[in-house]
Amino acid sequence: MRFRSKYFLYALLAGICTTTTLFAQQAESIDADMDYIRKSNAWLNSRNAAGLNHYQSVNISNAELFFNKQDGGFRNYFQSDDSQDYGLQANSYTRLNQTVVLAGGFEYQNFKGKNMSGSAFLDPYQNPFDIVELDAANNGTKESEFYNLNGALSAQVTSKWSIGGKLSYGAANFAKRKDLRHVNKLLTMDVSIGALYQLSKVVEFGANYNYNRRIESLSFRAYGNTDQQYLSLIDYGSFYGRTELFGDYGYTSSQNTNPLKDIRQGGSLQLNLNFNKKVSLFNEFSYEDRRGFFGEEGTSSILLTRHNGSGFAYNGQLSVKADDIEHHFTLKGKYDFLENKETIYRRETTIGEVNRIVYYGDRNVFSGETINAGLSYDIYLGVKNSRPKWAASLTVDYMVKDQSTDLYPYYRDQKINSYQIYGQLSREYQKQKDAFTIGLGMGYGAGSGEMAIDGTATKPAADHMAPATMTQFLNQEYQFLTAARIKGNVMVKYTRAVQNNLSAYLKLNYAHTYAGDVTFMGNHFYSTNVSVGCNF
């Protein structure tokens, strides 16, 4: 299926772009910029789908086929220095009538990366712990496929009330093609239902419930030299933990598929202030509770860890609009707390030779706090038919991570902060049915902190084995997050209006990142993106 999937994508994209007369638009040109539409209306980025009823632009859909090539040594410990991916994505906003708005999309991505080791998970930053293969000589090719389908609906039920809901479903396969092999299957689901009340022409209130479920199942296999021993680091945090030999039981069991289940649920409150037709202030406050586990309770399977946490988030946008110029100031912040516990158990065999797992409790092995904050400014000039002639943005992102790993009496603390500043400018030139867009971007990032503060709570016993660590990956991750780097990119795009309800485009983007003072990885990273698509 992987080899045939790209030909299916080509056929699907061609079919979408050649049958769009069935979806003819009303009123304005179909050349509206979807990225601009999303950024210019804060409700479209809200967790509350009821806010979709604020969508007033033209009905617009987009389908795009893309290909990415990435190379270079400046990469995180779980990433590839030689990878490529391709796929198809499509998105749509449609106002059916005066009271109902629909939005939706789908995405398919196929990834292949060489020389990969590090984490056995798709994204280790999503999880309360990590599993890392100790022998870097066993790095190999990893492949993944990702699918996502999402939809949202908003309906105005009275002159004051609107309701809405949205659903996103994702699935992925991920595998390493060299021993020690791992095979991952991921399922994600996001559900949100909410309501919006217009108190007056100036004040609007909204509230919604959020539910997110993520299950990543993980199994390990060895098909080559079965006499070879494979050791993995069970990384409870900051590459600090214990080693485990690939075998019948445990985190890297050859007999069981262990699921990592993570469930988050909570709510969001919105306050939108429309001071006048040109100035508005959107505010969204969110809270979520997080719980999950790794493994399964059974006669041969083991519940290995339990985790819990919570998070708070804020999303605010001040918009100032004139006839052909717009200013948008966005402030985002998020605080996350996470705690992980490992179960204490013993395998027993009863008199009747029945296996059972006896649990005696659990122990805290990790606790951490993460703060992410971002401030951005976007300006659009020459806006006509939902398409700006000039677009410029400046973004500042800041991250603080403070975590502690505890394997009594040993512990390791880590404190990292990093920031990135990025600016981009683009200009579009139109001539009859043709449009040319060129964009330039430049960024800088750096950070600091304490990579590892190791110590003991009490003097360990003489026979007490110290925790295991992986110095290479510890240093590589720290330098990736904190090393001074500069990034530049250039983008060119050609758009051709085919007919009144169809335009096609070709887009090229090239980016280069350089970090000078690094010792545990390379200095450069290159990324090339080619995409072809249509708006209808």
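Select Ser61 and the residues around it: leaving out residues up to four places away in sequence, Ser61 touches Met34, Asn91, Ser92, Cys534, Asn535 and Phe536, where contact means heavy atoms within 4.5 Å. Ser61 lies in strand S1, and helices (H or I, at least four residues) and strands (E, at least two) are here DSSP runs numbered from the N terminus. At 11% relative accessibility, Ser61 counts as buried, a word that stands for under 20% relative accessible area, with exposed over 50% and partly exposed in between, for a 1.4 Å probe and protein chains only. Show the side chains of Ser61 and Ser92 as sticks, and you will find a polar contact of 2.8 Å between them. A polar contact is a pair of N or O atoms within 3.5 Å; within protein, one must be able to donate a hydrogen and the other to accept it, and residues adjacent in sequence count only if both atoms are side-chain atoms.

What you have open is a predicted model, in which local features need pLDDT of at least 70 and side-chain atom pairs count only at pLDDT 80 or more, while totals for chains, interfaces and linings use all residues. Residues are numbered from 1 along each chain as its sequence is written, and side-chain values use heavy atoms, with hydrogens and water left out.

Next, select Gln317, which has its place in strand S13 (residues 303–321) and, at 8% relative accessibility, counts as buried. Which side chains make polar contacts with the side chain of Gln317? One is that of His328, at 3.4 Å, and another is that of Thr330, at 3.5 Å. When neighbours within four places in sequence are set aside, the contacts of Gln317 include Lys39, Ser40, Asn41, Ala42 and Phe282. Gln317 and Leu331 are 14 residues apart in sequence, and their C-alpha atoms are 6.4 Å apart in space.

From Phe282, one of the residues in contact with Gln317, move on to Trp43. The ring centres of Trp43 and Phe282 are 4.9 Å apart and the planes stand at 70 degrees, so the pair is edge-to-face. Rings of Phe, Tyr and Trp (its six-membered ring) pair if their centres lie within 6.5 Å, and planes under 30 degrees apart count as stacked, over 60 as edge-to-face and the rest as tilted. Trp43 lies in the loop between helix H2 (34–40) and strand S1 (60–72), whereas Phe282 is in strand S12 (residues 279–295), so the pair ties together parts that are 239 residues apart in sequence. Trp43 counts as buried at 4% relative accessibility, and Phe282 counts as buried at 2%. By the pairing rule, the count comes to 22 aromatic pairs.

Another of these pairs is found by selecting Phe121 and Phe129, whose ring centres are 5.8 Å apart and whose planes are at 85 degrees, so this pair too is edge-to-face. Both Phe121 and Phe129 are buried.

Keep Phe129 selected and add Ile131, Phe220, Tyr251 and Phe294: these are the residues with the most contacts inside the largest nonpolar core, which has 23 residues. A nonpolar core is a set of buried Ala, Val, Leu, Ile, Met, Phe, Trp, Tyr and Cys residues joined through side-chain atoms within 4.5 Å. Strands S8 (203–221), S9 (231–237) and S15 (355–381) each supply at least two residues of this core, and S15 gives the most, with 3 residues. A second, separate core of 17 residues includes Met34, Ile37, Ala49 and Tyr380.

Ile131 also leads into a sheet, since its bridge partner in S9 is Ile234. Colour the open sheet of 4 strands, which runs in the order S4-S9-S10-S19 with antiparallel pairing; two strands pair if DSSP finds at least two bridges between them. Strand S4 (130–133) and S19 stand at the edges, each with a single partner strand, so one side of each is left without a neighbour in the sheet. Walking across the sheet, S4 and S9 pair over 4 bridges, S9 and strand S10 (residues 240–245) over 6 bridges, and S10 and strand S19 (residues 468–469) over 2 bridges. In S10, Gly241 is the bridge partner of Asp235, and Gly241 also stands opposite Ala468 in S19.
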